[in-house]
Amino acid sequence: MKALVWHGKQDIRCDNVTDPEIEDSRDAIIKVTSCAICGSDLHLFHNFIPAMMPGDIMGHEMMGEVVEVGADARHKLKKGDRIVVPFTIICGECEQCRRGNFSVCERTNRKKELADKVFGHTTAGLFGYTHLTGGYPGGQAEYLRVPFADATHIKVPDGMTDEQALFLGDILPTGWQAAVHCDIEPEDTVAIWGCGPVGQMAIRSAVLLGARQVVAIDDIPERLSMAAAGGAITINFETDSVVERLNELTGGKGPQKCIDAVGLEAHVTPSQPDTLMDRAKQVMMLESDRPHVLREMMYVCRPGGIISICGVYAGLVDKIPMGMAMNKGLSFRMGQTHVNRWTDDLLRRIEEGQIDPSFVITHTARLEDGPEMYKVFRDKQDSCIKVVLKP
Ligand code: NAD
Ligand code: ZN
Ligand code: ZN
């Protein structure tokens, strides 16, 4: 089959690889009908998160038709079912899964020892996302093996298009969880840094959850326009002072709730560092020509407020003003998304027409065009916001 394969820094190719097969009785195989490129894939593209290996298949946003089912998944899935695959592989049975903490499932990371060493504990297996999270082949491919498929799936209701359902596997619940983590109250101003696909979902979610005011921050005009169409007041950090504008909008008090939908990107200059030392300087010493999102959030957030981080970080991120956060009594919430925790609620909201997540799609292309589309998405060429690939 064809798949997008990681070969090294900024080197993703569409290769012919071996078709996946059932390896365990809880597995299923899907024929991928739609998959997408995520901001998290860009971290791997840039090699900012170590532990990718040449030959790894990319992709963690995918859906398709079930073509094969292992014996122990047949009570939940059958051939022909249309499913979205959540990016977090879950067993559905361990203590964390029972609490709904799906992204830290204790059983699905097949490289637990590595995660144990680096993180102190294992976290869930993730598709197409480094060997720290299991090194599972991803879904930017014609076929995908879904481990623990009896638990790791979202059934697509009849009549719902791929475009409406696809983002239930990652960016919609990610933006939603970031907003839920803000414990939004009717008088709240929620400020959201980053208007990429995840930020856009967070904006729509904060509006749906009843924030008085949602403020969106980025420097890309078309992303700011999409944010405004979703009900946000916008700030272009290139031309405006984020702190001054946020204070103006909140009577000088600052937003009660702040969401980081940027992550690693905020620490790294657009010209990518070539040596480890350059990268260390940028990531750890925060030598960047862009404002540092976490510090800006902590500075402007109203005392007693919440900092909700859905942007992805890796390694050490240093020079965080802990004293300021401590004295202001800020709460921090973060994590990979517990995708399946939010599925029922979000499916209902899509069916009721409260949200149609397909609004972010600006580009649809063939899988073979994937390597080129990574560059288009990274460089925001042609007003690119979200790319969907059709294997
Ligand atoms: P993206 O790269 O398309 O969007 C990032 C946006 O941030 C861009 O529009 C960029 O212009 C903007 N930005 C950069 N620096 C900024 C600054 N200083 N202030 C304000 N905006 C700034 O990526 P995306 O797909 O929207 O993903 C966003 C983040 O969410 C990534 O870090 C990704 O890894 C992460 N993510 C996390 C989860 C999770 O489970 N927690 C899931 C999916 C994605
Ligand atoms: Zn993602
Ligand atoms: Zn589990």
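In this predicted model, the zinc ion (ligand 3) is held by four cysteine sulfurs: its protein donors are C91 (SG), C94 (SG), C97 (SG) and C105 (SG), lying 2.3 to 2.4 Å from the metal. If you look at how these donors are arranged around the zinc ion (ligand 3), you will find angles of 105 to 116° among the 4 donor atoms, and the site is tetrahedral. For comparison, the ideal angle for four tetrahedral donors is 109.5 degrees.

Now follow the chain itself. The donors of the zinc ion (ligand 3) are spaced C-x2-C-x2-C-x7-C. Two of them, C91 and C105, link distant parts of the chain, 14 residues apart. C91 sits in the loop between β7 (88-89) and α2 (95-98), while C105 belongs to the loop between α2 and α3 (112-119). Are these two cysteines buried or exposed? C91 counts as buried because its relative accessibility is 2%, and C105 counts as buried because its value is 0%; the cut-off for buried is under 20%.

Let us move on to the zinc ion (ligand 2). Here the coordinating atoms come from C38 (SG), H60 (NE2) and D170 (OD), at 1.8 to 2.3 Å. Along the sequence, these donor residues follow the pattern C-x21-H-x109-D. Within this set, C38 and H60 join distant parts of the chain, 22 residues apart. You can find C38 in the loop between β3 (28-37) and α1 (39-45), and H60 in the loop between β4 (56-57) and β5 (61-69). Both C38 and H60 are buried.

Definitions and conventions:
Residues are numbered from 1 along each chain as its sequence is written. Chains are lettered from A and ligands numbered from 1 in the order in which they are written. This is a predicted model: local features need pLDDT of at least 70, side-chain atom pairs count only at pLDDT 80 or more; totals for chains, interfaces and linings use all residues. Side-chain values use heavy atoms; hydrogens and water are left out. Donors are N, O and S atoms within 2.8 Å of the metal (3.2 Å for Na, K and Ca); water is not among the atoms, so sites may look incomplete. Helices (H or I, at least four residues) and strands (E, at least two) are DSSP runs, numbered from the N terminus. Buried means under 20% relative accessible area, exposed over 50%, partly exposed in between (1.4 Å probe, protein chains only). Four donors count as tetrahedral if all angles lie between 85 and 135 degrees; four count as square planar and six as octahedral if opposite donors are over 155 degrees apart and all others between 65 and 115; anything else is irregular.
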